[in-house]
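Student: I have a model open and would like to talk through some strands and a pocket. Could you take me through them?

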Amino acid sequence: MPIPLQKLFTYRITEAEADFIKIGTRVAVPFGKSKIYTAIVYEMHLEEPKAYEAKEIYQILDESPIVTAIQLKQWQWIASYYMCSLGDVLRAALPKAFLLESETLVLKNPEFEEEATLTDEEFLIWEALEHQPKLKIQDIGKILDRKGVLSVVHSLLSKEAIEVKEEIYEQYKPKYVKYVQLHKNYQTEESLHTLLDDLSRAPKQREIMLCFFQLKHGSDEPVALQDLIKKSNTTSGIVQALVKKEVFELLQVREDRVSFDTDIRPIHELNEPQLKALAQIKAVFEQKEVCLLHGVTSSGKTEIYSHLISQTLEQGKQVLYLLPEIALTTHIINRLQQFYGDKISVFHSRYSVDERVEVWNNLVSQSDKAQIVLGARSSVLLPFSNLGLVIVDEEHETSFKQFEPSPRYHARDTAIMLGYLHGANVLLGSATPSVETFYNAKQSKYGYVKLETRYGNVQLPEIELVDIKEKHRKKRMTGHFSDRLLGLMEEALSDKEQVILFQNRRGFAPVVECSTCGVAPQCPNCDVSLTFHKFNNELRCHYCGHQQALPKTCPACENPTLDTKGFGTEQIELELKELFPEAKVARMDLDTTRGKYGYQKLLRSFHDHEIDILVGTQMLTKGLDFKNVSLVGVLNADNLLNFPDFRAHERTYQLMVQVSGRAGRDQKRGKVAIQSFNPYHQILQQVTIHDYEAMYQDQMNERHQFSYPPLIRLVRIVLKHKDFIKVDTAANWMGKSLVNSFGDQVLGPTSPSIGRIRNKYIKSILIKLPTNISLKQSKDQIQRIKDSFMAIPDFRAVQVIVDVDCY
């Protein structure tokens, strides 16, 4: 069931239901006093539960399973490995429309006769039930013109004036498209001539007929009603008149909401390095199921993926193509649909619930439309039945890790397990592999293939470090731009080339501070300063979404001396519009890409050269391919390097190399300018010479010294509560219990850098588990301690989050 309970529940079914129900089908089941949930049948057995009496199921919802047997095994693995419940995994995996909801209905009790005992509000409801047999809770709210109506309903129940019941309703509605075809009476030429003569007195109807024949164009297919109305510039009423005259027939055809119909072209031929890499990957797959493709930026990894996809489809198997960002799915769809047409399905959170249900149904029915599934993190939970290849592109990306809510799984690791369950090959692709993946390749756990040359032998971009500390001293900075970066931008724009600028903070400024007393407006719900967004002239919290207008005076000393500190993408965009008034500037961050097609519009405009300078956050760094970009600028590398995380240096290297790879992807060598107060930092020096091996070795030495992954495993336990004393006491109890079991492998409890989010205080405990001890036994011990903790009445209200591989 889609609720976070650790165990499964047994329900009673009849012999007839037992013949009909299959494992993986949905059933509606009662739970508790009145709730009804959509549950998935996990197994069928003849053992009656001892602790409780099994209830009967409410309703069977499916004729055939919507969840496969392999999916259930995968869900069990996720629940076990990431220490969550199967209910959590079910809620994350199933599109919301499959989780049918129950709605409380109020009905009149026909035996009730004591109307005099009812209050005014109760009588209003009673009177409404005289006119209609049942009312929903929201209907009662409208009748009484208030929100809280449950007390009135409860009072009517206690007087036995009404009855209540739960009604199940389905959320998914298929899409039907109306088509028009000629009635069977008008199939001959002679009958058509007669018809057109008869319609000479009805010019609009005659015009529709002529438009209909133009759209038919000798085809046997019916014409879409909307196309006919649009072409004839008329209304559906005139079409309906022709239907009544038995000239037209209307057809309703069920169609998917998303489809990709294009003229299919042959796949690009591979060059010599790509052919060599493809042969090596195939050789690896004969011995190992997982292979790492370490290819430099713009080496043509997508073309290699395309050839592997084609070979998998020839074997009659499905392909899963995982991407870290929704922005990338837009970009890759445009590249792949020209090769595979409507064989592609797309699955991610920007698509509507109904669109996601259709992808799910196509996979269950093994439709031709779902041979290739392209998607973000959640698509790894889909019901594949014949999976042959899993591609995890940009496998190093942190976007593959789910942090909130549970299950806190990593899509890359889950994809590897999915490949194992299906006996499918898994290809991990990246220009900057994560240290953990590269370590597994070094240990021969994964196969390893390297692609060192860019497509077309284009040189890697020339990377230049700009010392902005020195530039500030010599007064050679204009706003946040050094004279060197401005010169390179002017040069690129004069050559009609495009520029990408990277700043990993959105908004105008991360801090607004009073220059008189130093007070900065804080979020009332979180321990964090509010970010200023100049476009709406408001302060916004990026953790809880709190918004407030920018005050004109300091809230502490009332002086009008508020000043901004730091800078985000919005401030850079405004500065650029002043510095380059002739250039078209656009911004790509979470604020500008909220709409369903926000990414597509922005990327299409940039691709069509309607934008000269694109400013953005790390969305820009991932796999985007634009031929005309000759310059990439990184405005401040230091805030990445100084982040309090053991992976900060690795991630800085990855981000810098990835964003640099957007430059010079055609014939001309690109340029990259990285602004930093510390250009001699080891990581930045390694970025300039593209020395991944040196970065890896340095990181491994540090992690060996301080015991961090991949040499050990990390489990973080986070405790949250609105009362600081309660969460502090609870964290100390949990910390001592864990120390008794794991000794000095336990760090904490400590408060994180942001100690309160959404009005909840946070304490965290980190457990380092050596790889030479049983991970399962360690997790079982953590679970036992958690169960003991939850059994203490004072601690039951404290939220406990267990995050395995919390990085």
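Student: Happy to start at a single pair: which residue in β33 is the bridge partner of leucine 719?

Tutor: A word on the model: it is predicted, so local features need pLDDT of at least 70 and side-chain atom pairs 80 or more, while totals for chains, interfaces and linings use all residues. Residues are numbered from 1 along each chain as its sequence is written, and side-chain values use heavy atoms, without hydrogens and water. Strands are DSSP runs of E, at least two residues long, and helices are runs of H or I of at least four, numbered from the N terminus. In β33, leucine 719 has as its bridge partner lysine 763.

Student: How many bridges pair β30 with β33?

Tutor: Two strands count as paired if DSSP finds at least two bridges between them. β30 covers residues 712-721, and its pairing with β33 is antiparallel, over 10 bridges.

Student: Is β33 largely enclosed or left open by the rest of the structure?

Tutor: Buried means under 20% relative accessible area, exposed over 50%, and partly exposed in between, with a 1.4 Å probe and protein chains only. In β33 (residues 760-770), eight of the 11 residues are buried, so the strand is largely enclosed.

Student: Which residue of the hairpin of β32 and β33 takes a positive phi?

Tutor: β32 (residues 756-757) runs antiparallel to β33, joined by two bridges. Isoleucine 757 has lysine 760 as its bridge partner in β33. Two residues lie between the strands, and the one with a positive phi, near 50°, is arginine 758.

Student: Which strands stand at the edges of the sheet β22-β23-β24?

Tutor: This is an open sheet of three strands with antiparallel pairing. One side of each edge strand is left without a neighbour in the sheet, because each has a single partner strand; the two are β22 (531-533) and β24 (547-549).

Student: What is the volume of the second largest pocket, and how do its lining residues divide?

Tutor: On a 1 Å grid over the protein atoms alone, a pocket is an open set of points with protein on both sides within 12 Å along at least five of seven lines, and lining residues have an atom within 4 Å of a point. Grid points are joined across faces, edges and corners, and the volume, the space filled by probe spheres set on the points, is about 1300 Å³. Counting Ala, Val, Leu, Ile, Met, Phe, Trp, Tyr, Cys and Pro as nonpolar, Asp, Glu, Lys and Arg as charged, and the others, Gly among them, as polar, the lining divides into 29 nonpolar, nine polar and 10 charged.

Definitions and conventions:
On a 1 Å grid over the protein atoms alone, a cavity is a set of points where a 1.4 Å probe fits but cannot get out, and a pocket is an open set with protein on both sides within 12 Å along at least five of seven lines; lining residues have an atom within 4 Å of a point.
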